[in-house]
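User: Please take a close look at one part of this structure for me, and explain each term as you use it. I would like one connected account.

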Amino acid sequence: MKQTQQVKEARKAVGLAARVGIDWFLLALVAMILFAYLWPEGGVDREPVALGDLATYGVSVIFFFYGLRLSPEQLRSGLSSWRLHLVVQLSTFLLFPLLILPLHPYFEGTKAELLWLGTFYLAALPSTVSSSVVMVSIAGGNIPAAIFNASISSLVGVLLTPLWMGLFLTASTESFDLSSIMGKLVLQVILPVALGILLHKRWGAFAERNRKQLRYFDQVVILLIVYTSFCTSFARNMFRGYSLADIATLGAAMISLFFLVYGLIYAISRLLGFNPADRITALFCGSKKSLVHGTVMSKVLFPNATTVGIILLPIMLYHALQLLAASIIAQAAARKTGR
């Protein structure tokens, strides 16, 4: 009897954690960082297998299946709400970077410059796909528009993210060559997406049926990238000089960034007279950033793997905190509308 009660309490705790956005994947991300700290050799050594190379191949597979699930008909049907789409895309690729860009002089030449670069990388990333749509659905927003915006954001980000990053990486020690980076993006990202779209009619239904399993594959590849990136950073002592207080301050900055963008989008959508459903979609799609794209594109954008662990810290913190905040807001909106 006592054991049954404990099981019920455990299930209740898991359900509560899921409602506020804490799932196994977030815990696994933390575990990968800890594992990299304890055993950095596993992600650096090339014998018996180079985990970094496996992660690179996994990037192309992720984008192939993304293209396979992308329905051209679904994208065409979402074109009508152009003002909403414009707000979301401008928030994602213009508002975010313009909020972070003016802060560069305050961090240039300091130990926090890499964290600023990681935050600017976060600002240049596209929106999430799955979690944006889920939050919009919970809060009672415009779901077709959310699907359209999240999908388009992912495609646009393949081009705009490296262009934004080129402003700083060309002048840094990363040996950033835009033409070389674009070539890698074409081979590792654009071609797999295009091939997936071309094969959508033939295998799209299969991809949709196995969406859950494919999502697990995505998450495993992300965990592998996070592990190998942090292994290299720990092996080269890149985190020397950063304290827990520094990480906590970065987390506070990330949640502040989320609420700042959320508030600005809310004001803009009210000014433009959006109905409640469109306003919800603008808020959740325009304020979120994709950890998937952040991790997989880091394999292409940052040739110097030593610094990738630090650069990924802001997007990892933002990802966790945005899920927590957005889940609470979506649940509150659902209760308000009686959903």
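Analyst:
**Covered helices and the packing of α6**

Helix α16 (residues 291-301) is mostly covered, with nine of its eleven residues buried, where buried means under 20% relative accessible area, exposed means over 50% and partly exposed lies in between, using a 1.4 Å probe and protein chains only. The buried residues of α16 include Leu291, Val296, Met297 and Leu301. This is a predicted model, in which local features need pLDDT of at least 70 and side-chain atom pairs count only at pLDDT 80 or more, while totals for chains, interfaces and linings use all residues. Residues are numbered from 1 along each chain as its sequence is written, and side-chain values use heavy atoms, leaving out hydrogens and water.

The protein as a whole has 17 helices and zero strands; these are DSSP runs numbered from the N terminus, helices being H or I with at least four residues and strands E with at least two. Of its 339 residues, 48% are buried.

Helix α8 (residues 113-124) is also mostly covered, since eleven of its twelve residues are buried, among them Trp116, Phe120 and Tyr121. From first C-alpha to last, α8 reaches 16 Å, close to the 16 Å expected at 1.5 Å a residue, the expected span being 1.5 Å times one less than the number of residues.

Now to α6 itself. Helix α6 (residues 82-100) packs against helix α15 (residues 276-286) at an angle of about 25 degrees, with their axes 9 Å apart; axes are lines fitted to C-alpha atoms, for helices over the stretch in contact, and angles run from 0 to 180 degrees between N-to-C directions. That makes α6 roughly parallel to α15, a label for angles under 35 degrees, with over 145 roughly antiparallel, 65 to 115 roughly perpendicular and the rest oblique. The crossing of α6 past α15 is right-handed, meaning that the near helix is turned clockwise from the far one by less than a right angle, whereas anticlockwise would be left-handed.

Where they meet, with contact defined as heavy atoms within 4.5 Å, α6 offers residues including Leu84, Val88 and Phe96, and α15 residues including Asp278, Ala282 and Cys285. By class, this contact has six nonpolar, four polar and one charged residues, where Ala, Val, Leu, Ile, Met, Phe, Trp, Tyr, Cys and Pro count as nonpolar, Asp, Glu, Lys and Arg as charged, and the others, Gly among them, as polar.

Helix α6 also meets helix α10 (residues 143-169), their axes coming within 10 Å and crossing at roughly 35 degrees, again in a right-handed crossing.
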